[in-house]
Amino acid sequence: MQIRSWEIGRALGIPIRIHPSWFLVFLLATWTLSTDYLPESLPGLSPGRYWVMGAVAAVLLFLSVLLHELGHSYVALYYRIPIEQITLFLFGGVAHMRQEAPSPKAEFLIAIAGPVVSFVISGSCLALVALVEAIQQDQALRGVAMLGLLLGLGNLQLGMFNLIPGFPLDGGRILRAGLWAWGKDYYRATKQAAVAGLGFGLIFVLWGLLRIRQAATGELDSSMVWTGGWLALIGIFLYVAALASRRQAALRHTISAVKIQDMMVTTVVSIPSHTTLDEAVNRYFQAYGYGGFPVVDDRRLIGLVTVADIQAVPVAMWSWRRVDQVMRPFSDSMVVTPDVPAVQAMGCMAREGWDQLIVVHNGEIVGLVTHSAIVHFLQLRGASSR
Ligand SMILES: [Zn+2]
């Protein structure tokens with residue numbers, strides 16, 4: 001889905017975007033409502049009225065999907081998970097979260113929030129319908145009741161469908177939260193929940209094909225071809241999404257197992273703190289080709305000096321300045337232990353703006369690791385695990 005989507009506004013600070021495929025479903029919904037559903041349930045109005053009512057209903061259904069996604073987003077934001085955007089497309093909506101949930105409980109609450117919103121809307125609309133029917137059968141009020149019924153049932157369906165326990169549907173996320181809490185393994189839980197997603201995808205495809213067959217042989221009304229086609233399409237979408245989630249979880253699993261010790265350079269060269277800059281350039285930077293070196297004072301680590309630190313000093317000054325005068329003084333964020341996962345170390349580098357980390361074990365410098373080394377290593381691992 002590389003086609004551009006349009007930003008139509010913001011809610012909770014999140015950009016709301018519409019994918020071109022959404023217009024298709026919007027037109028289809030308006031068309032079905034105004035030519036079929038509304039004339040049948042509210043006879044005697046002009047075609048223009050049906051089209052206006054159909055479009056209003058379609059917009060309200062679209063708002064329902066948006067509110068469902070905002071339900072997920074609201075809880076995610078509570079857990080400080082940034083949301084890049086909410087996109088509405090052919091099959092509904094999706095809130096793009098930048099991080100995974102921090103715990104099974106958070107995962108569960110974020111996942112359930114969407115269907116809860118849908119059920120609340122559904123309940124309110126159906127209660128409104130019951131109220132209107134209890135008062136009077138006035139023509140205008142009957143229109144309102146019809147819209148209320150449509151929205152009530154639409155939201156009920158939206159909530160129920162999303163609770164199907166196949167990842168990446170909301171129900172599948174709830175399943176993943178349960179499996180994650182049970183087995184304490186996030187990636188395995190994702191893979192298992194995605195297998196359920198593959199299963200439900202196949203069920204939908206088969207169900208859709210069966211409906212198409214029944215419509216073709218006259219067992220069911222011929223309009224069931226559309227329902228069947230739609231079911232099959234949803235099944236394919238779910239299957240493909242589950243497959244992609246399963247692959248991604250497997251890849252992340254492989255990557256998460258990679259530790260700093262698997263990729264660090266163990267021949268570490270340190271620069272004594274009293275070395276002048278021109279000496280450091282000649283004897284270390286040019287001789288070894290590294291971008292940075294640990295600075296030691298009597299074998300004690302006191303900082304890190306990089307090419308950028310030296311470049312910040314005019315060349316004419318190089319023989320007058322020492323590395324301990326230009327280095328970045330020691331801080332805890334500068335070092336890692338060999339058993340830290342590479343992905344975690346990379347996150348730390350990004351946060352602190354380091355290009356390299358010094359690997360320390362029992363107070364001794366045992367290695368050095370650079371950002372580009374981790375990236376290359378993970379790319380190779382990722383490629384070989386596919
Ligand atoms: Zn949802």
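Good morning. I begin with a definition: a crossing of two helices is called left-handed if the near helix is turned anticlockwise from the far one by less than a right angle, and right-handed if clockwise. With that term in place, I turn to the structure above, which is a predicted model.

Let me start with the chain as a whole. The protein chain contains 12 helices and 11 strands. Its radius of gyration is 30 Å, well over the 21 Å that the globule rule gives for 386 residues, so the chain is more spread out than a compact globule. Along the principal axes, the C-alpha atoms fill a box of roughly 95 × 40 × 35 Å. The chain is divided into domain 1, residues 6-256, and domain 2, residues 260-385. Taken over C-alpha atoms, the centres of these two domains are separated by 50 Å. Of the 386 residues, 31% count as buried. As for contacts with a separation of 6 or more, 63% of them are between residues 24 or more positions apart.

I now come to the helices, and to the crossings for which the definition was needed. Helix α2 covers residues 47-78 and helix α3 covers residues 104-135; their axes come within 7 Å and cross at roughly 145°. What is the handedness of the crossing of α2 and α3? The crossing is right-handed. Several residues bring the two helices together: on the α2 side they include Leu67, His68, Gly71 and Val75, and on the α3 side they include Leu109, Ala113, Gly114 and Val117.

A second pair of helices is α5, residues 170-183, and α6, residues 186-216. Their axes come within 8 Å, and the crossing angle is roughly 145°. Here, too, α5 passes α6 in a right-handed crossing. Among the residues that meet are Gly172, Leu175, Leu179 and Trp180 in α5, and Tyr186, Ala189, Ala193 and Gly197 in α6.

The loops beside these helices deserve attention. In the loop between α5 and α6 we find Lys184. Phi of Lys184 is near 60°, a positive value in a residue other than glycine. Is Lys184 buried or exposed? A residue counts as exposed if 12 or fewer other C-beta atoms lie within 10 Å of its own. Lys184 has 10 other C-beta atoms within 10 Å, and is therefore exposed.

On the other side of α5, the loop between α4 (139-162) and α5 holds Pro168. A cis peptide bond joins Phe167 and Pro168, with omega of about 5°.

Leu12 offers a further case of positive phi, with a value near 55° in a residue other than glycine. Leu12 lies in the loop between β1 (6-11) and β2 (14-18). It has 12 C-beta neighbours inside 10 Å, and so Leu12 counts as exposed.

Let us move to the sheets. An open sheet of four strands has the order β5-β6-β7-β8, and its pairing is mixed. At the edges stand β5 and β8 (328-329), each with a single partner strand, so one side of each is left without a neighbour in the sheet.

How is the mixed pairing made up? Strand β5, residues 271-272, pairs with strand β6, residues 292-297, in the parallel sense over two bridges. In contrast, β6 and strand β7, residues 300-306, run antiparallel and are joined by six bridges. Val296 is a useful residue to follow across the sheet. In β5, Pro272 stands opposite Val296, while in β7 the bridge partner of Val296 is Leu301. Strands β6 and β7 also form a hairpin, with two residues between them. Asp298, in the turn of this hairpin, has a positive phi of about 55°.

Finally, there is an open sheet of three strands in the order β9-β10-β11, again with mixed pairing. Its edge strands are β9 (335-336) and β11 (364-370), each of which pairs on one side only. Strand β10, residues 356-361, runs antiparallel to β11, and six bridges join them. As one point at which to locate this pairing in the model, Gln356 stands opposite Thr370 in β11.

To close, I return to the overall picture: a predicted model of a chain divided into two domains, 6-256 and 260-385, that is more spread out than a compact globule. Thank you for your attention.

How values were computed:
Residues numbered from 1 in each chain as written. Predicted model: local features only at pLDDT ≥ 70, side-chain atom pairs only at ≥ 80, totals over all residues. Pairing = 2+ DSSP bridges. Domains from an automatic or database assignment. Rg over C-alpha atoms; globule rule 2.2 N^0.38 Å. Buried ≥ 20, exposed ≤ 12 C-beta atoms within 10 Å, placed from the backbone. Contact = placed C-beta atoms within 7 Å. Axes fitted to C-alpha atoms, helices over the stretch in contact; angles between N-to-C directions.
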